[in-house]
Amino acid sequence: MDKSVGKAQKSGVKLEKFQTPRGVHDVLPDDHAYFTIIKKVVRHRARQAGYRRISTPVIEYKDVFVRGVGESTDIVEKELYSFSTKEGGDEYALKPEGTAGIVRAYIQHGMGSLPQPVELYYIEPHFRHDRPQKGRYRQFFQFGFEVLGESDPGVDAQIIQLAHLVYSDLGIADRLSLQISTLGCSECREKFINDLRDYYIGKERNLCEDCVRRLQTNPLRLLDCKEEDCKILAENAPKFKSEICDECKDHHQKVLELLDAIDIEYIENDSLVRGLDYYNRTVFEFWDKASGGSSSVGGGGRYDGLVEQLGGAATPACGFAAGMERVVALMREEKLMAPDKDHIDVFVAQLGFEPKKVALQLLTALRSEGVHALGAVGKASMKAQLSKADKFGAPFALILGEVEVREGKVILRDMKSGTQEVIPIGKAVAQILKRISKDRLDTYDPTKELKKDNSVKPEDELLIRD
Ligand SMILES: [Zn+2]
Ligand SMILES: [Zn+2]
């Protein structure tokens with residue numbers, strides 16, 4: 001404990017009660033019930049499709065995001081948490097999204113020499129200095145999928161399907177509509193951007209401040225500005241489809257046909273641009289039908305130029321990411337209760353030190369059989385201990401007094417009915433196991449999974465630090 005705290009308390013200074021900073025939040029045990037099932041579903045579906053998990057650090061050199069996400073994006077311009085070190089002055093940033101760091105890792109670890117495509121998934125915290133609003137936080141969790149090293153439209157369709165499966169498993173797919181579009185390649189996009197500039201020139205007075213600037217730096221962004229006047233202008237702006245080149249048109253058409261083949265419904269939405277620079281060709285978002293484009297619950301697309309842009313060999317790639325807080329909010333709106341595995345089955349009450357020893361032995365035996373068991377602490381009265389057992393929702397209590405222990409007995413109490421019986425201590429675990437249903441048992445034996453293998457080297461290549 002900080003010494004200054006003790007001092008301040010002694011001198012009678014009232015200490016400020018700390019709160020989380022604005023826009024960040026604790027993930028409390030009840031919230032984790034939701035996070036746990038989301039992670040489970042993501043892991044399960046990702047593994048089925050051959051993905052492997054990756055975690056990139058929370059901090060990266062700032063340039064990874066400036067070059068990766070794009071200098072003129074909101075994320076880099078306004079939302080990046082960046083800082084420089086006291087010595088050296090290197091500039092770092094907290095990761096605002098997952099893709100740029102993963103591309104950096106793909107290049108750094110030479111994953112281009114692995115069989116392609118490389119399929120990766122992540123479940124990680126991200127940070128944006130965003131204006132906090134409902135469902136948006138400054139530290140937020142995202143899960144995502146990235147497939148690097150394959151340009152086929154079959155990748156795009158499968159990533160979309162994977163996202164859809166996750167939403168579907170989590171009971172919110174029916175609420176979402178898949179919006180899809182194409183941004184073309186750098187050539188056809190350049191033509192389109194010129195058309196956009198021509199269209200907007202002379203209309204600057206009707207644009208918001210941001211859009212006037214974007215017209216110079218990133219005209220595509222004018223199409224997804226949320227300001228009313230900008231929206232009206234965007235509606236009449238030239239449409240990308242008129243400039244799209246044949247290869248891009250073919251790619252897009254194939255993605256749509258493949259989605260049809262696997263029964264994924266979509267809405268073609270020409271004004272979809274996404275807020276990140278690295279996208280090309282396929283872009284998509286899952287929108288909450290109830291609130292439209294203002295609340296995307298996840299999205300992604302192709303980023304064929306990003307690996308090269310961050311210094312790697314030209315490598316086509318496609319990805320998806322979703323905010324977990326948004327998913328939890330929708331699950332709650334759908335009245336979906338996340339399974340809570342934190343139940344207590346048995347409370348072991350004791351009076352006296354000898355009984356406490358036996359109680360600890362009983363707890364150990366119960367837990368090793370997979371029974372969630374609590375107790376054997378404190379000196380509270382039997383009444384207080386049983387009331388505690390009740391509050392924890394334990395259906396059974398095992399009660400040990402000096403007399404019982406001396407006789408090798410224990411009292412088994414059914415907390416609901418209040419009935420109790422005296423049984424031999426040696427039969428207590430078996431009696432409990434007989435009474436609670438098998439699906440409440442929590443048995444996991446990692447020793448069955450951990451095997452010695454001579455191919456394991458002292459340090460895996462990927463873990464070597466410089
Ligand atoms: Zn093109
Ligand atoms: Zn605007």
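Two strands count as paired here if DSSP finds at least two bridges between them. By that yardstick strand β14 (residues 396-400) and β15 are partners: 4 bridges join them, and the two run antiparallel. A397 sits opposite R413 of β15 in this pairing. Everything that follows comes from a predicted model.

The β14-β15 pair belongs to an open sheet of 5 strands, ordered β13-β12-β14-β15-β16, and the pairing in this sheet is mixed. At the edges are β13 (373-375) and β16, each with a single partner strand, so one side of each has no neighbour in the sheet. From one strand to the next the twist averages 25 degrees. Helix α13 (residues 353-368) packs on this sheet, where it touches β12 (346-350), β13 and β14. The direction of α13 makes about 165 degrees with that of β12.

Moving to the β16 edge, strand β15 (residues 409-414) is joined to β16 by 5 bridges, again in the antiparallel sense. V410 stands opposite I423 in β16. The two strands form a hairpin with 5 residues between them, and G418 in this hairpin takes a positive phi near 85 degrees. How many residues of strand β16 (residues 420-424) are buried? The number is 0 of the 5, so β16 lies largely in the open. The cut-off behind that statement is 20 or more other C-beta atoms within 10 Å for a buried residue. As a general point, side chains in a regular strand alternate between the two faces of the sheet.

There is also an open sheet of 3 strands, with the order β2-β4-β3 and antiparallel pairing. Its edge strands are β2 (59-61) and β3 (82-84), each of which pairs on one side only. The twist here averages 35 degrees from one strand to the next. β2 pairs with strand β4 (residues 91-94) over 3 bridges, in the antiparallel sense, and Y61 has Y92 of β4 as its bridge partner.

Helix α3 (residues 62-69) lies across β2, β3 and β4 and runs at about 75 degrees to β2. α3 also packs against helix α5 (residues 99-108), at an angle of about 105 degrees and with the axes 9 Å apart. The two helices, α3 and α5, are therefore roughly perpendicular to each other. On the α3 side the contact involves V64, F65, G68 and V69, which meet A100, G101, V103 and R104 in α5. Sorted by type, the residues of this α3-α5 contact are 5 nonpolar, 2 polar and 1 charged.

Another helix pair is α2 and helix α12 (residues 324-333), which pack at an angle of about 110 degrees with their axes 10 Å apart. That makes α2 and α12 roughly perpendicular to each other, too. Y34, F35 and I38 of α2 meet M324, V327, V328 and M331 of α12. The residues of the α2-α12 contact comprise 7 nonpolar, no polar and no charged.

Ahead of α2 comes a loop residue, F18, placed between α1 (3-10) and α2 (29-48). Is F18 buried or exposed? F18 is exposed, because just 6 other C-beta atoms lie within 10 Å, and a residue counts as exposed at 12 or fewer. F18 and A380 are 362 residues apart in sequence, while their C-alpha atoms are 32 Å apart in space.

Terms used:
Residues are numbered from 1 along each chain as its sequence is written. Chains are lettered from A and ligands numbered from 1 in the order in which they are written. This is a predicted model: local features need pLDDT of at least 70, side-chain atom pairs count only at pLDDT 80 or more; totals for chains, interfaces and linings use all residues. Axes are lines fitted to C-alpha atoms, for helices over the stretch in contact, and angles run from 0 to 180 degrees between N-to-C directions. Two residues are in contact if their C-beta atoms, placed from the backbone, lie within 7 Å. Angles under 35 degrees count as roughly parallel, over 145 as roughly antiparallel, 65 to 115 as roughly perpendicular and the rest as oblique. Ala, Val, Leu, Ile, Met, Phe, Trp, Tyr, Cys and Pro count as nonpolar, Asp, Glu, Lys and Arg as charged, and the others, Gly among them, as polar.
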